[in-house]
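Student: Could we go through this structure together, beginning with how its chains meet?
Tutor: Certainly; please bring it up.

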2 protein chains.
Amino acid sequence: MAGVKSDIEIARAAQKKPIGEIGAKLGIPLDALAPYGHDKAKIGADFIASLSDRKDGKLILVTAINPTPAGEGKTTTTVGLGDGLNRIGKQAVICVREPSLGPCFGVKGGAAGGGYAQVVPMEDINLHFTGDFHAITSAHNLLSAMIDNHIYWGNALDIDTRRISWRRVMDMNDRALRQMVASLGGVSNGFPRESGFDITVASEVMAILCLAQDLADLERRLGDIVIGYRFDRSPVFARDLKADRAMAVLLKDAMQPNLVQTLENNPALVHGGPFANIAHGCNSVIATKAALKLGDYVVTEAGFGADLGAEKFFDIKCRKAGLKPDAAVIVATIRALKMNGGVKKEDLSTENVEALSRGCSNLGRHIANVRKFGVPVVVAINHFTSDTAAEVAAIEDYVARHGAEAIVCRHWAEGSAGIADLAYKVVELAEGGQANFQPLYPDNLPLMEKIETVASKIYHAGEITADKTVRDQLKAWEEQGYGHLPVCIAKTQYSFSTDPNLRGAPEGHVVHVREVRLSAGAGFVVCITGEIMTMPGLPRAPSAERIFLNEAGYIEGLF
Amino acid sequence: MAGVKSDIEIARAAQKKPIGEIGAKLGIPLDALAPYGHDKAKIGADFIASLSDRKDGKLILVTAINPTPAGEGKTTTTVGLGDGLNRIGKQAVICVREPSLGPCFGVKGGAAGGGYAQVVPMEDINLHFTGDFHAITSAHNLLSAMIDNHIYWGNALDIDTRRISWRRVMDMNDRALRQMVASLGGVSNGFPRESGFDITVASEVMAILCLAQDLADLERRLGDIVIGYRFDRSPVFARDLKADRAMAVLLKDAMQPNLVQTLENNPALVHGGPFANIAHGCNSVIATKAALKLGDYVVTEAGFGADLGAEKFFDIKCRKAGLKPDAAVIVATIRALKMNGGVKKEDLSTENVEALSRGCSNLGRHIANVRKFGVPVVVAINHFTSDTAAEVAAIEDYVARHGAEAIVCRHWAEGSAGIADLAYKVVELAEGGQANFQPLYPDNLPLMEKIETVASKIYHAGEITADKTVRDQLKAWEEQGYGHLPVCIAKTQYSFSTDPNLRGAPEGHVVHVREVRLSAGAGFVVCITGEIMTMPGLPRAPSAERIFLNEAGYIEGLF
């Protein structure tokens, strides 16, 4: 639209405050902040430890309907709600994930919010930021190098090289590295074997960093990593290779939360970013817990739609970290609900109340699902200019019939002024004492039953299938003492089912568990349904071809 | 020795000043510094550009005899001399290379000086520091991913996949990655081909960053990279893949010099660290040039011994950047010269004037070599407690007979107080107007004759051999317009010859050029003699096994 500024133009025009001033809003003394430039800082471990006696603020989860190509604006709404709460007088802290560098060079688009609801400096946040992902890459690959080095020098641990599950990682979309034969070239290069690379966000080290309570817990979890198996099938741990402590050294700074600000100069912690399929898809526990000590309100998000993101936020992050969310916001757009109702992307700007009403089934199920965790819900309609009054009325009506409220939010265009209504509603829910959080299943349920519980209660599957090898593997892990872990189901984000084309609210579908993986350090069992890509590729004309520094030294083409 | 503090103990006890105060010593305003924590900062590009009209200070190169396992202390002496010059009233700035992270986990030992002549914070400098090497890794691997992606999507450039010379890099000692077959696993992963990883310091991107004058020059050089050849044997450039501008975006911050301090709170720029064999082995041109504008004196170092390091400093860095060194310091230790004279490492603590005198031939040749560039020389004897008076007298006498002066330096134990004599001598040489720098050979000499010039004048080789393919390749590059480039000879650092066991000052040996490589972006032709390792491995018991965070949060085992 003519006259509408792009995200990057808005971000560049931001009147940023020195990061020390943002910290001061939360009572963080200057010497507890390690600055990275003038607009980013890490919060020191000693200061965070000193907060332990304080009362926690309210925890608000922002989740969404199943994603569509139309976009929902979950991060944008998270940032906007944080600004909105500050606007109405609450001390609110935003907690979001760090974006991955590699994908920025594939398809245009950052992950720091949008419009007038952004965290800044967005270029830095989307690229190297404070180096956390690079540190995770280094720690992960140190372990990888130590595994092959151990084998090279005689393999005293008797590692079965065919059963090494620990790969290498790189923060780059590089399909050529997915599958390789390494250690070629003769005696001095080791014993050839098959392996490959995942993208850094898929690293178990990332999940560990995001679930660890502090450095000591981080080191313990790193030691717990199972890198593969011996010829006698017993697990080999990272601590058997004596890699865990050096990995913790590499992660010492990465473990500390990053403080930045919104366009409205409100504090945001941007820290950690695990995949939402093979991992739990939430920002770090250490950031969320620190924020709860520092603010009245903490607004955080979880990856993908609520079936994956919210379920894992509740069943993995909250369960393990002892967090008790007070309310949840489900973000929807009229455009995305119309897609769920069968409208094609090119027809989304045409009013279509009937399709919208059909698509609302997706939203309705997410509302019901989130309530199963004992968390009260409000729906945020992230407003687009093409939305019509009839469409807005239809969705408000649908949500009201489901016992909740849908609130139109204009934070993208108006900043906090456009989202104050949602902020008031969130405060009403959070302070109304309705929340009674509990995870979906108890720790002591057998692993297969945990999968079945999520699949039936959240996905509404009719049948859950798994080969004998999968069932046997789950039983073996139970015998080895991993039965108490939660499950982390890797499923397409586009549908409640395992078929990405099945939009809306499918019922009675079959969920087939194809493979299971143990993330013993992170503390969950990954259950893979369908194809999961852990190393993306670049498109035919990657955005890297159009990213450059302009004459003023600004980055163009990244967003 | 009892009572003697370790490097890390000394570093931890440092009374560091806020980095803004260190910058202020050089007249750098606070807003021209981007802080990384409280003790590291990057100097802004605009501020550096604003210095262009200022007069340059004096440029002092610290180089050394051929390295031995006994150690010479070149970085330690560089740091010590910087402190010494500040002590005697000069505004001196130290310019040294950034250490590589990977090797820290192999064999114990950092690269930030030692004793009371260190740059701090040494743990940070040796690990992630300000993220420069991670940025170089990302930029390098983005180009790698774009090459395979281009081939995957149809190979419109007609790249011969057998002739791709651009590999991938990782800052880790990982021998398993030296040689691999990638793109395995079927259609969606691309076309299988052989490739491998080098360590990040071996990346041409590292050499480019260290030779570029500014961001525009960096981008131009990145575009000039030759990644391989088409089926018609014509070169494929990084700019043909449209990768150059996005790579520059990734390197925007890494391009800016890092300011830290010595234990005596004097300013040091620690920036860039290319290999000294397949690259030129010096810190960045941008750091050295900025330092020359900011200080009366700039003390810098070059990798390995003077045959490799000083030659490349003069013939590549100074030639290309228009630098004119005013004096050179050749660092030697009595222990290392005794090793050059045939003494075994375990016998080094016993007085042996005869072996020392024999070993002095190595020092004598380096003195004569450096003078061939028109640069006056002083010898720094980095003192060890085992050195005897007779040994000191012998080396002083030897150096005097070669028309130079040898000065005993005790900076390791005493800081600047122990190196003031050397500082005075350096000032005398630099201000005496003796320097008349010129490179060893002119730009327009044919490439093979450039190799012959270095090999005969510096290495004292009797014969230079090369296969016809090598000679043909050099001629082809001359025809393609690369004949004006300097040569960068990759040779063992342990000897003037290509035989690492031939210590002292061998004469008349044969130098065989096994392979040549074009670094068109960096701007030199690499000539490989003997085996050059571009991806190190880890030892049987890597130091990573003993690196950990102690209860106080300090890193143990790294140094």
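Tutor: What follows covers the interface, its salt bridges and the cavities.

Tutor: This is a predicted model, in which local features need pLDDT of at least 70, side-chain atom pairs count only at pLDDT 80 or more, and totals for chains, interfaces and linings use all residues. Residues are numbered from 1 along each chain as its sequence is written, chains are lettered from A and ligands numbered from 1 in the order in which they are written, and side-chain values use heavy atoms, with hydrogens and water left out.

Student: How many residues does each chain bring to the contact?
Tutor: Chain A and chain B each give 64 residues, contact meaning heavy atoms within 4.5 Å.

Student: And what area is buried between them?
Tutor: About 5600 Å², with carbon and sulfur atoms giving 65% of it. Buried area is the accessible area (1.4 Å probe) that two parts lose on being put together, summed over both. Trp153(A), Arg175(A) and Val249(A) supply 11% of the area that chain A buries against chain B, more than any other three residues.

Student: How many residue pairs are in polar contact across the interface?
Tutor: The rule finds 29, both residues being at pLDDT 80 or more. A polar contact is a pair of N or O atoms within 3.5 Å; within protein, one must be able to donate a hydrogen and the other to accept it, and residues adjacent in sequence count only if both atoms are side-chain atoms.

Student: Which element gives the largest share of chain A's side?
Tutor: α6(A), with 10 residues. Helices (H or I, at least four residues) and strands (E, at least two) are DSSP runs, numbered from the N terminus.

Student: Now salt bridges: how many cross the interface?
Tutor: Two, where a salt bridge is a side-chain nitrogen of Lys or Arg within 4 Å of a carboxyl oxygen of Asp or Glu. Asp174(B) pairs with Arg168(A), their closest N and O atoms lying 2.7 Å apart. Asp174(A) and Arg168(B) also form a salt bridge, at 2.7 Å from N to O. That pair runs from the loop between β8 and β9 of chain A to strand β8 of chain B.

Student: Which residues lie nearest the centre of the largest cavity?
Tutor: His134(A), Thr137(A), His134(B), Thr137(B) and Asn141(B), out of 16 lining residues. On a 1 Å grid over the protein atoms alone, a cavity is a set of points where a 1.4 Å probe fits but cannot get out, and lining residues have an atom within 4 Å of a point.

Student: Which elements supply its lining?
Tutor: α6 and β8 of chain A and α6 and β8 of chain B each supply at least two residues.

Notes: 1 Å grid on protein atoms, 1.4 Å probe; cavity = no way out; pocket = protein on both sides within 12 Å on 5 of 7 lines; lining within 4 Å.
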